[in-house]
Amino acid sequence: MNLSEETILKIDALIPKYPEKRSAALMLIHLIQDELGAIDLEACEWIADKLELQPINIQELITFYPMLREKPWGKKHIRVCRTLPCALRGSYATCQALEKKLGVKEGHVRDDGEYSIEFMECLADCGEGPVVMVDEETYENVDSVKAGELADLLTSGTLEISKKFVSYENALIQDSNLEAAPKSKPSTK
Amino acid sequence: MISKKNSKVVPIVLDGKEVEVPEGMNLVDAAALHGKEIPHYCYHPQLSVAGNCRMCLIEMGTPMRNRETGEAILDDDGSPRIGWVPKPVIGCATNVSPGMHVKTESEKVLGCREGVMEFLLVNHPLDCPICDQAGECRLQEFATDYGRGYSRFVERKNVKPKRTRLGPRVTLDDERCILCSRCIRFCQEVPKDDVLGFVDRGSFSTLTCFPGRELDNNYSLNTVDLCPVGALTSTDFRFKMRVWFLKDADSICPESSAGCNTTVSSREGELYRITPRRNDLVNDSWMPDSGRELYKSVKSNNRILSSRIDQNPCTADEAIIESIRLLEGKKIGIVGSCKSSLEEQFLLNQISLKTNAVNFIRGHFEEDDGILLSADRTPNLRGALISGFTQNYPKDNLVSLSQALDQNQLDVLLVIDEDLEAAQVDIANLEGVPIVFIGTHTNSTSNRASVVLPSLTTFEKSGTFVNRSFYAQVFRQAVPGPAGVLPDLSLLSRLHNGLTEDEEISPDQNSVWKVMNNVSGSVLKEISLTDVRKDAVLLDSSKWSDLPFVESKALHFEPATKVEA
Amino acid sequence: MSNKSTPTERRIILKNADDPNYSNKISCYLREGGYAMLKKSFKMKPEEIGAEVLKSGVRGRGGAGFPAGMKWKFLDRKSGKPIYLICNADESEPGTFKDRQIIHKDPHQLIEGMMIAAYAIQAKQAFIYIRAEFFEGARILESAIDEAKAKGFCGDKILGSDFSCDLVVHRGAGAYICGEETGLIESLEGKRPNPRIKPPYFPAVLGLYQCPTIVNNVETLCNVKHIMEIGGDEFAKIGKPNNTGTRIWCVSGHVKKPGYYEFECGALTMGEMIYDVCGGLLPGRSLQAVIPGGSSSKILRADERFSGKLKDGTDFDWGVEDIPLDFDGPMAAGTMSGSGGIIVMDDTVDMVEAMANINAFYAHESCGQCTPCREGSLWMRKITQRMCDGGAREEDADLLLSVANQIEGRTICAFGEAAAWPTQSFIAKFRDRFEDKVKNPERKKSSLQLI
C-alpha cells in the first residue's frame with residue numbers, strides 16, 4: 001500500500017495524542033481515505049497492524065459508518081440531505097434534478113468515475129434547506145431549479161468561483177486582521 | 001455442576017416471596033436458583049455481560065425511604081412501599097442487593113417478553129424444518145413459552161448470506177443470527193482469538209470474519225454450543241440427526257488431563273456428537289474441538305473387533321485361557337496405560353502385586369494450550385499414581401522396559417493399549433518375548449502379540465478419571481461396545497482371578513471401589529462411588545506434590561509444583 | 001399574532017458570530033475580551049467553579065436537559081483514575097444547526113469554555129468529538145487550538161500554572177448514534193459506537209477507558225464561560241426559574257425566515273417564534289403541525305390544546321402558539337424542547353409521508369445492538385414505506401402504535417424512545433391521516449415528496 005510521506009508523518013504524529021492506540025482508528029482511517037479514496041482490505045490490515053488490532057476490528061468500523069468507504073466515491077461527491085426539514089423544502093426534487101443532470105443515481109458512482117450522489121441523513125443546516133454538499137463545501141437553499149444550475153456549474157468546473165453559489169464555508173470570515181467595528185454600528189443584541 | 005459460591009447470602013423478595021440468594025449474583029441466576037426461569041439469549045454465566053438481547057427484562061423496585069430521615073416509608077397496611085423502577089431492567093446486569101423486590105411474572109414483564117420475542121422473529125427466516133438447532137433452539141422454546149403465538153409481520157424479511165463457511169468446522173447462516181454477540185465475546189475472552197465481528201449496522205448487521213481469516217482455532221465449535229439459534233452449526237453434525245432422537249450420556253473427554261465434562265449423544269448404538277457439559281470447577285462450558293473428534297475412533301478402520309491368538313481369530317474365552325497360560329508363573333512385565341480408568345488401573349495393579357510383576361507406564365506429552373488441552377494427553381495419569389500402579393512420574397517413553405528386556409529380566413509382557421516400538425522399545429529386545437495385548441486399535445505391538453484381546457473405548461464403558469486438578473470424575477457408557485467384546489473390567493477380573501489364589505474381584509465398578517476404599521493409606525478411603533457419581537470429588541494430592549507434572553497454568557488450573565524444564 | 005412588539009433576541013453565545021467585523025481567529029476573540037474568564041477561573045479553586053455552574057442551574061443543551069452542575073457533581077473524583085472531558089459536537093439531531101454556528105464562527109468561545117470546565121473537573125485531557133460532515137469546522141477548531149496553545153490558553157501548563165490539559169479534535173464518520181454519550185465514548189475508544197448499559201457504565205464513573213468522564217454539548221460548555229463572567233446567581237436570573245440562561249432555537253420547515261435565534265428561556269412563545277420572529281408561514285398556507293425539539297420529540301398538532309398544572313402550581317391552558325419556549329413549557333405540553341430544533345409543517349404536508357421520512361432516518365441510524373430498536377425501527381420504516389407506496393391497510397395504524405410501544409423503555413439507550421416517540425405522537429394526533437391513507441393512497445398534488 002503506497003501512502004505518501006506526508007500522510008505517514010501525520011499518522012505517526014496522531015497516534016501518541018490518544019491515551020490508547022485503538023482510539024486513533026477513526027482519524028487514521030480518515031487520513032488514509034482522504035489520500036486513497038477508500039479503505040480496501042490491504043489498508044484494513046495495515047491499519048490493524050499499526051494499532052495492534054485485528055483486521056476485523058477495522059472492518060467493523062468501515063462498514064458501520066456511512067462516510068467510510070470500501071470503494072471510492074466519484075472524483076466529485078455530492079451529498080443531498082433527505083431528512084425531514086430539508087425534505088419539507090423540496091430536497092427530494094433537488095436530488096432528482098441532480099441525478100438527471102449528472103446522469104447518475106443516488107448511491108452510485110457514474111460509470112466514468114467523475115461524479116457520485118449520496119442521499120444522506122441530516123447535515124445540520126436545516127434552516128437553509130435543501131442542503132447540498134459538494135465534496136467539503138456546503139451549499140444552502142438548493143431547490144430543484146438551483147440544483148440544475150449548480151450541476152451545470154459543477155460540470156463546467158466553475159462552481160468554486162461562482163458568485164451565485166457561495167458555500168457556507170466560503171462565506172465564513174476567517175480574516176485575522178479585522179479591526180473592531182465602530183461603536184455606532186447597530187449591534188445584533 | 002453449577003458451583004455454589006459459599007459467600008454471604010442476601011435477602012430479596014422474588015415475586016412476593018422472601019428468598020435468600022448468594023451475594024454478587026445477578027437476577028437471572030438468582031431466579032434460576034429458586035426455580036424461576038427468566039428467558040435470556042445474550043447472557044452467559046461464563047462470559048462478560050452484554051445486555052443487548054433485552055429478553056431478560058423484569059421489574060425491579062426497592063423499598064422507599066424518606067430522603068431526610070432515612071426511615072422506611074410505609075403503605076396504609078404497614079408494609080413498606082416499594083419504589084418500582086418505571087422502566088423494566090435487565091436481569092443479567094442487575095446484581096442482587098438486600099431488600100430488593102423483583103417481579104418476573106407481572107403483566108408488564110410478560111408484555112416485554114412478547115414484544116422482544118416478536119422482534120426477534122420479525123427478520124428470522126422460516127428455517128425450522130431444515131435447521132439443525134430445532135429441538136434445542138432457544139428461539140423455539142421461548143417463542144412457545146413467552147411469544148405472542150401469531151405473526152403480524154407482512155413486510156419482506158432481510159436477506160443475508162446463508163450457509164457460509166465460517167471456519168473448517170463451523171457453518172454460518174447469517175439470516176438466523178439474532179446478534180446476541182455470544183460468539184464474539186467467547187472468541188475474545190476464552191481462546192483470545194479476536195476473529196469474529198459484526199459488519200454493517202442496524203438490522204443489517206452481519207456476523208463475519210475478516211476476508212482471508214477463518215474461525216479455525218481449537219475452540220471454534222464452542223461457538224456452536226453457545227449460539228442460541230441455528231446460525232452457527234457444526235459442519236460435521238450438519239443434517240445428520242434430529243436432536244430429539246439422541247440419547248445423552250455424561251462423560252469425560254479422554255483427550256487430555258484437563259478432564260472436560262462432556263455429553264456424548266447417540267442413537268441406537270451409533271455415536272453422533274460430543275458436546276461439553278457445564279462444570280464450573282473444571283471446564284466452565286467449553287471443550288477443545290480436537291476432543292470432539294474422538295467419537296470417530298470408535299468405528300475407525302483399525303479397531304480391534306475380535307480376540308486373536310497368534311493373529312488368528314478366536315473366542316474371548318479361548319484368548320483368556322491362552323493369556324493365563326502364557327502369564328502364569330512367569331516373570332511378567334505389565335505395561336499399563338494412563339488412558340485406562342481408575343478401576344482398570346487398580347485391577348491391573350492387583351494382578352501385578354499378586355504375580356510379582358514389574359510395572360511400566362509411559363506418559364504422552366505434547367504442548368499445553370493454556371486453556372483446556374493440557375500438556376498431558378492422557379486423561380488418567382493421576383489414576384495410575386492413586387491406584388498404586390506407579391510411584392514415579394511416567395516418562396514420555398518406555399526405555400526402562402527396553403533395558404529390562406535387554407537384561408532378560410522379563411519372560412512375558414502384558415501390554416495395555418501401548419505401541420512399544422513408538423515408545424522407543426528396541427525391536428530386538430522384543431524377539432521371543434510373548435505379548436498379551438489388550439487394546440482398542442491395532443498398532444505395531446498388537447500385530448506381533450501372541451494374544452490380542454479387544455477392549456472398549458471411553459464411550460463404551462463406565463469408569464473414573466482423575467484430572468489435572470485431582471478431581472475424580474465419572475464417565476458413563478454411551479453406546480454398547482462391538483459385539484462379543486468383553487468389558488475391560490470383566491477381562492481384567494478374569495485374568496486376576498485366573499492368575500491368583502486370592503479372593504476373587506467381581507467385574508463391576510462397585511466391587512472394585514469397595515476394594516479400593518479398603519487399601520490402607522489410600523486417598524480414596526472416605527470416598528464412595530456414589531459421591532463421585534454425584535459431583536466431581538477433589539482428592540488429596542499431597543502425596544505426589546513433588547512430582548514433575550507437565551501441565552502449565554490453564555483454565556481452572558494452577559500448577560502445584562514448578563514444571564521442570 | 002400578539003399585540004406586543006416582536007420579541008428581541010438576547011445574543012450571549014452568538015453575540016459576535018454574525019458580526020461582519022468578527023472572524024473566527026483568536027485576534028478577534030481577544031479583541032472582544034476573550035480568555036479573560038479563563039484567567040479569572042484559574043485564580044479560583046476548581047470546586048468554586050463547579051459551585052458557580054451548579055448555582056447557575058444551566059441545563060444541558062444537547063437534548064436531555066440535565067443540569068450540567070449536577071452532572072459534574074456525580075463525577076467520581078476519588079477513584080484515582082484520570083478524568084476526561086468530552087465536548088459533544090456531533091450535531092446530528094434533525095432540525096438542529098446551532099452548534100455549527102458556534103464551531104465555525106466563534107470557536108474560541110468553545111475552547112475557553114472547555115478549558116474552564118476542564119480545570120473545574122481537573123480533567124487530564126479534553127476531546128472535541130465533531131461530526132465528520134463539518135470538514136471546515138474540524139480544520140477551524142484545530143487551527144483555533146493551535147492559536148490558543150501558542151498563547152498558553154490550552155495544552156501544557158495553561159496560563160503558566162501547574163494545570164495541563166491537552167485538547168484533541170476527533171472526527172466522527174457520519175453516525176447519529178455517536179451523539180449518545182456512551183456511544184460517543186465507544187466511538188472515541190475506536191470501537192463500534194454501541195451505547196453501553198447504564199448501570200453500570202455511567203460516564204461519570206466508568207466512561208472513556210473506564211475512567212470518570214464528563215460529556216457536555218457545545219452550547220452548554222460555551223455557557224460555562226458566561227457563567228464565570230457574571231456569576232452563577234446572576235446567570236440564574238436570566239430566563240425563568242429552573243430554565244436559566246439563553247437558548248439557541250433552530251427553526252426550519254415552512255416559515256418565511258427559518259434560521260437560528262437566541263432568546264432567553266421562556267422569553268417567547270411558540271406562536272411568537274413562528275409568526276413574529278420567523279415571519280409566519282408561506283403565503284396561503286396554514287399551520288398543520290410543529291415538532292418542537294428535533295425529530296425525536298413528540299409532534300404537536302396545530303389545533304391541539306394543553307391544560308394542567310405547572311410545577312409552580314399555576315394552571316395553564318394553552319394552544320400550540322402559547323407554549324413558552326424553554327425546557328418546562330414543552331414538557332408540560334407532553335413533548336420536549338430537546339435540542340431546540342423547531343420544525344414547522346404547513347397544511348400541504350402529507351403526515352404519513354413525514355412519518356415515513358422520520359422512520360427511515362431512525363431505521364438507518366440504529367446501531368443494531370439491542371433487539372427492540374434494531375428490529376422495531378426497521379419494521380416501522382417498512383410499514384410506513386408500504387403505506388406510502390400504496391399498500392396501506394386499516395390495521396397499520398394500530399400496528400405502528402403497538403410496535404412503537406414495544407420499543408419505548410426496553411432499549412439500552414434513549415434512541416429507543418427517540419424512535420418510538422415520533423410514531424406514537426403521529427398516530428395519537430394524526431390517526432385520521434393514517435386511516436385516510438387506506439382509502440386515498442395517492443399523494444396529493446400540493447404535497448411535496450417526502451419519502
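The following exchange asks what stands behind the terms used for this predicted model.

Reader: What makes a feature eligible here, and how are residues and chains labelled?
Author: This is a predicted model, in which local features need pLDDT of at least 70 and side-chain atom pairs count only at pLDDT 80 or more, while totals for chains, interfaces and linings use all residues. Residues are numbered from 1 along each chain as its sequence is written, chains are lettered from A and ligands numbered from 1 in the order in which they are written, and side-chain values use heavy atoms, with hydrogens and water left out.

Reader: What makes a residue part of the contact between chain C and chain B, and how many residues are there on each side?
Author: Contact means heavy atoms within 4.5 Å. Chain C gives 32 residues and chain B gives 38 residues.

Reader: What area do chain C and chain B bury?
Author: Buried area is the accessible area (1.4 Å probe) that two parts lose on being put together, summed over both. For chain C and chain B this comes to about 2700 Å², with 52% on carbon and sulfur atoms.

Reader: Why is the pair B:Lys87 and C:Glu417 called a salt bridge?
Author: A salt bridge needs a side-chain nitrogen of Lys or Arg within 4 Å of a carboxyl oxygen of Asp or Glu. The N to O distance between B:Lys87 and C:Glu417 is 3.7 Å, so the pair qualifies. Between chain C and chain B the count is three salt bridges.

Reader: Which elements of chain C give two or more residues to the side that touches chain B?
Author: They are helix H13 (351-365), helix H14 (371-391) and helix H15 (396-407) of chain C; helices (H or I, at least four residues) and strands (E, at least two) are DSSP runs, numbered from the N terminus. H14(C) has the largest share, ten residues. By class, this side of chain C has twelve nonpolar, eleven polar and nine charged residues, where Ala, Val, Leu, Ile, Met, Phe, Trp, Tyr, Cys and Pro count as nonpolar, Asp, Glu, Lys and Arg as charged, and the others, Gly among them, as polar.

Reader: Why is C:Asp398 called partly exposed?
Author: Buried means under 20% relative accessible area and exposed over 50%, with partly exposed in between (1.4 Å probe, protein chains only). C:Asp398 has 44% relative accessibility, so it counts as partly exposed. C:Asp398 is in helix H15 of chain C.

Reader: How do you know that C:Asp398 and C:Arg431 are in polar contact?
Author: A polar contact is a pair of N or O atoms within 3.5 Å; within protein, one must be able to donate a hydrogen and the other to accept it, and residues adjacent in sequence count only if both atoms are side-chain atoms. The side chains of C:Asp398 and C:Arg431 are joined at 2.9 Å, so the distance meets the cut-off. The two residues are 33 residues apart in sequence, with 9.3 Å from C-alpha to C-alpha.

Reader: What sets the domains of chain B, and how many salt bridges cross the interface of domain 2 and domain 3?
Author: Domain bounds come from an automatic or database domain assignment, which for chain B gives domain 1 (9-105), domain 2 (123-299) and domain 3 (307-544). Across the interface of domain 2 and domain 3 of chain B there are zero salt bridges, but twelve residue pairs in polar contact (both at pLDDT 80 or more). The area buried between these two domains of chain B is about 2400 Å², of which carbon and sulfur atoms give 63%.
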